[in-house]
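The following exercises concern the arrangement of a protein chain and its ligand. Each task is followed by a solution that proceeds step by step.

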Amino acid sequence: MKPVKAKKYLGQHFLKDNNLAQEITNLLNKEHQNIVEIGPGMGILTKFLITKKINLKLIEIDLESITYLKSNFEMNEKNIIHGDFLKTDIKSYFNQKISIIGNFPYNISSQILFKVYENKDLIDEVVGMFQKEVAERISSTTGKKRGILSVLIQVFYKVEYCLTISENSFNPPPKVKSAVIKLTRNRRRKLDCNEKLFKQIIKSAYNQRRKTLRNALKSFNLKMNDEINHLLTLRAEKLSVEDFIKITKSVC
Ligand code: SAH
């Protein structure tokens, strides 16, 4: 069967290195049974995943790739889902915890991570390829690289930077380097502060990241104590997830 013709608008950069593909799939926790692959394309990760004793579902938006997968892989067709991951109601497919894996299309990587955040009670683990810059941002726990999405993800996941990948490992090669990161759900079941407010605080802090928090968070009415007072002298980049929770709890 003819290879799939790479479509730029779908972020198709096919991995061509089998050793690397195997290494990536081996990053999944072996105990996990329910795996969802996002954007399998021609299935370079899939072929290592199907050798494992797992329930595997594929979600792929591109019909040409779907046809390719169906004719090359012996899988129950109902596990090859033709659709947009961002619009898929993953809760309707799974009643058990899942792991997600994928060489993600870069144009929707932030949206994928927001969806992970929204489905954090279902998604135990994510092994994903991102643009290197995004991978660094999500895995930074402090400092200038970190952003709103990094903090949100780190509230509920341990983030590990696993592999840097050269553009030459892909066909066609993307313009930038890539990296694989792994997210593992931590023990926090829910935030012990108002989640909506927490998001607003992080947004205000990061949208005005050059300002001290005292200025960036002016519009919030905070109940002061020594600790909060000290935190407000800093900029967003210096604060830990726990510090943001403390500030949220101090809103009157
Ligand atoms: N995993 C393959 C392909 C990676 S390219 C490999 O490593 O070679 C990214 C893949 O994501 C493409 O197959 C593309 O069609 C698919 N894709 C893009 N947007 C998607 C979406 N919204 N939902 C599901 N799949 C998507």
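**Exercise 1. State how far apart the centres of domain 1 and domain 2 lie, and describe the area buried between the two domains.**

Solution. The model is a predicted one. Step 1: the domain assignment divides the protein chain into domain 1, residues 8-185, and domain 2, residues 195-249. Step 2: taken over C-alpha atoms, the centres of these domains are separated by 32 Å. Step 3: the two domains bury about 1,100 Å² between them, with 59% of this area on carbon and sulfur atoms. Step 4: of the area that domain 1 buries against domain 2, R146, I148 and V151 supply 45%, more than any other three residues.

**Exercise 2. Determine how many residues of each domain are in contact with the other, and which elements of domain 1 touch domain 2.**

Solution. Step 1: the contact involves 14 residues of domain 1 and 14 residues of domain 2. Step 2: polar contacts between the domains amount to 9 residue pairs, both residues being at pLDDT 80 or more. Step 3: on the side of domain 1 that touches domain 2, helix 5 (109-118) and helix 7 (148-156) are the elements that give two or more residues. Step 4: helix 7 provides the largest share of that side, 5 residues. Step 5: sorted by class, the side of domain 1 that touches domain 2 comprises 5 nonpolar, 5 polar and 4 charged residues.

**Exercise 3. Decide whether the pair E195 and K120 links neighbouring or distant parts of the chain.**

Solution. Step 1: the structure holds 15 salt bridges, and 3 salt bridges are found across the interface of domain 1 and domain 2. Step 2: one salt bridge joins the side chains of E118 and K199, at 3.7 Å from N to O. That distance satisfies the criterion of within 4 Å. Step 3: E195 and K120 form another salt bridge, their closest N and O atoms being 3.5 Å apart. Step 4: E195 belongs to helix 8 (residues 195-207), whereas K120 lies in the loop between helix 5 and strand 6 (123-131). The two residues are 75 residues apart, and the pair thus links distant parts of the chain.

**Exercise 4. Identify which residues come nearest to the ligand, and describe polar atom pairs at the ligand.**

Solution. Step 1: the ligand is surrounded by 21 residues, of which Q12, G39, E60, D84 and N103 come nearest. Step 2: an N or O atom in the side chain of E60 lies 2.5 Å from an oxygen atom of the ligand. Step 3: for D84, an N or O atom in the side chain is 2.8 Å from a nitrogen atom of the ligand. Step 4: at G41 the partner is a polar backbone atom, 3.4 Å from an oxygen atom of the ligand.

**Exercise 5. Establish whether the peptide bond from N171 to P172 is cis or trans, and locate P172.**

Solution. Step 1: omega for this bond, from N171 to P172, is near -10°, and the bond is cis. Step 2: P172 is situated in the loop between strand 8 (170-171) and strand 9 (178-185).

Conventions
Residues are numbered from 1 along each chain as its sequence is written. This is a predicted model: local features need pLDDT of at least 70, side-chain atom pairs count only at pLDDT 80 or more; totals for chains, interfaces and linings use all residues. Side-chain values use heavy atoms; hydrogens and water are left out. Domain bounds come from an automatic or database domain assignment. Contact means heavy atoms within 4.5 Å. Buried area is the accessible area (1.4 Å probe) that two parts lose on being put together, summed over both. A polar contact is a pair of N or O atoms within 3.5 Å; within protein, one must be able to donate a hydrogen and the other to accept it, and residues adjacent in sequence count only if both atoms are side-chain atoms. Helices (H or I, at least four residues) and strands (E, at least two) are DSSP runs, numbered from the N terminus. Ala, Val, Leu, Ile, Met, Phe, Trp, Tyr, Cys and Pro count as nonpolar, Asp, Glu, Lys and Arg as charged, and the others, Gly among them, as polar. A residue is near a molecule or strand if one of its heavy atoms lies within 4 Å of it.
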